[in-house]
Amino acid sequence: VSRIRNIAGVLALLALVVCAGSFIVASVFSNGSSLVQLIQPEDAAVAGLFAEETSGEPAGTKIGSPQVMVIRDEKAFLEGTGAQGERFVSQKYLDEKKIYPLQVKTILFFRNITALIAALGAFLMGGLWFWSRSRVPARIPSA
Amino acid sequence: MNKRILFGFLTAGIAALSVSLAASRAFVVPTDAKFDAQKVFTIDSETDIENFTGRTNKVSGTVQFDPEAKTGSATIMIDGASIDTGVPLRNEHMRSADWFNFDKNPEVKFVTTSIKNTSGDKYRVVGNLTLNGITKSLTSTATVRFTKANEVTKGIGYTGDVVAIVAKFKVNITDFGAKHPAITAGRVNKILDATVRFVSSAQ
């Protein structure tokens, strides 16, 4: 029982470290993230053929909707910001550099999964440790 | 006398039809690779892990458009098998039978059934979308802009007048045979936003 208690205690502690670590790692990975709108840039003459409202936006085709992404290469960014404060990023540049930007949604997904499993582990191992603690007979002082 | 009236009506009818046919002109989406940058189909998907956009430049088709009456029709084809999501494995999944089945039925086709000008260059478009061999009616909002041939359009490479179209619509993928368990479990949204953007040119 004493051995179980020790192992459970170490595992509970380890799970707590992993749980806390998942938040730290996610924070490090998310550092520098911003709301961005991917755009396939095109010639202003071509963009002018379309009846799209693009005041203050770079000429081009929007790829999807604005997402919170981690893009640390400043050369990927285009001039201007959108209505939601999103920055514009050249999809052409990302393709040329073979950059597939990490989304904060992905980081948070793995953080939450890791933290949940670790917290569950800490709870179970902590419970086991507590249970086994109450089962260890108190030491009788030697005469 | 009656014959004269009937003849008059017939002549007027034929003349009106001729004017109508002459006004509604044919435009073609060029398939030459040099025009790839001016046409794109995108489809946005939201999953638990990330939001991604599949895209392809393989868009073709024909447009009938009357810039005066602001009416027309269109048939647009997209090569579904060429849609790229940025992750090769995910592309394979999208082409599989659980999703869009593009390996078996690569053609995505949209045929308009009614086009109504709502304001300015904006239109409400109803049409039939065929995906994975299944045809369903859906409604789209579109912007359509007609530009007469000029130095700019010639400079881009178009030989005649052009019509540039951006159409946005929502696709419920379960209506078209997608049946992956992730959809029913709610880990992937089943209603996707799709956009087709292209320039068609008079021949």
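How accessible is Lys58(B), and is this residue buried, exposed or partly exposed? The close-ups below, taken from a predicted model, start with that residue and then move on to other spots in chains B and A.

**View 1. Lys58(B) sits in a loop of chain B.** The stretch in question is the loop between β3 and β4, with β4 covering residues 59-66. And here's the reply to the opening question: Lys58(B) has a relative accessibility of 45%, so it counts as partly exposed. Setting aside neighbours within four places in sequence, Lys58(B) is in contact with Asp36(B), Met77(B), Ile78(B), Asp79(B) and Ser82(B). Look for Gly80(B) as well: it's 22 residues away from Lys58(B) along the chain, and their C-alpha atoms are separated by 8.3 Å.

**View 2. Asp36(B) is a contact partner of Lys58(B).** This residue also belongs to a loop, the one between β1 (25-29) and β2 of chain B. With a relative accessible area of 17%, Asp36(B) falls under the 20% cut-off and is therefore buried. If you skip residues up to four places away in sequence, Asp36(B) touches Asn57(B) and Lys58(B).

**View 3. Helix α2 of chain B has buried residues along one face.** The helix runs over residues 88-95, and Arg90(B), Asn91(B) and Met94(B) are buried in it. Looking down the axis of α2(B), you'd find these buried residues within an arc of 105°, so they line one face of the helix. What do they pack against? Their partners are two strands of chain B, β2 (40-46) and β3 (51-56). Turn to the face pointing away from the buried side and you'll meet Pro88(B) and Leu89(B), which are exposed.

**View 4. Chain B as a whole gives the setting for the views above.** Chain B has four helices and ten strands. Starting from the N terminus, they follow the order α-β-β-β-β-β-α-β-β-β-α-β-α-β. The chain has 203 residues, and 42% of them are buried. Take the contacts in chain B with a separation of 6 or more: 56% of those come from residues 24 or more positions apart.

**View 5. In chain A, helices α1 and α4 lie roughly antiparallel to each other.** Helix α1 spans residues 2-30 and helix α4 spans residues 104-135. Their axes come within 7 Å and cross at roughly 165°. Anything over 145 degrees counts as roughly antiparallel, which is why α1(A) and α4(A) get that label. Their crossing is left-handed. Sort the residues in this contact by class and you get 20 nonpolar, seven polar and three charged.

**View 6. Ser22(A) is a buried residue of helix α1 in chain A.** Its relative accessibility is just 8%, so Ser22(A) counts as buried. Which residues does Ser22(A) touch, leaving out those up to four places away in sequence? They are Arg111(A), Thr114(A) and Ala115(A).

**View 7. Pro66(A) is part of strand β2 in chain A.** This strand covers residues 60-70. Pro66(A) has a relative accessible area of 21%, so it's partly exposed. Not counting residues up to four places away in sequence, Pro66(A) touches Leu35(A), Val36(A), Gln37(A), Gln84(A) and Glu86(A). How far is Gly48(A) from Pro66(A) in space? The two are 22 Å apart, C-alpha to C-alpha, with their positions 18 residues apart in sequence.

Technical notes:
Residues numbered from 1 in each chain as written. Chains lettered and ligands numbered in written order. Predicted model: local features only at pLDDT ≥ 70, side-chain atom pairs only at ≥ 80, totals over all residues. Heavy atoms only, no water. Axes fitted to C-alpha atoms, helices over the stretch in contact; angles between N-to-C directions. Parallel < 35°, antiparallel > 145°, perpendicular 65-115°, else oblique. Left-handed = near helix turned anticlockwise from the far one by under 90°. Nonpolar A, V, L, I, M, F, W, Y, C, P; charged D, E, K, R; others polar. Buried < 20%, exposed > 50% of the residue type's maximum accessible area, 1.4 Å probe, protein only. Arc of directions from axis to C-beta. Contact = heavy atoms within 4.5 Å.
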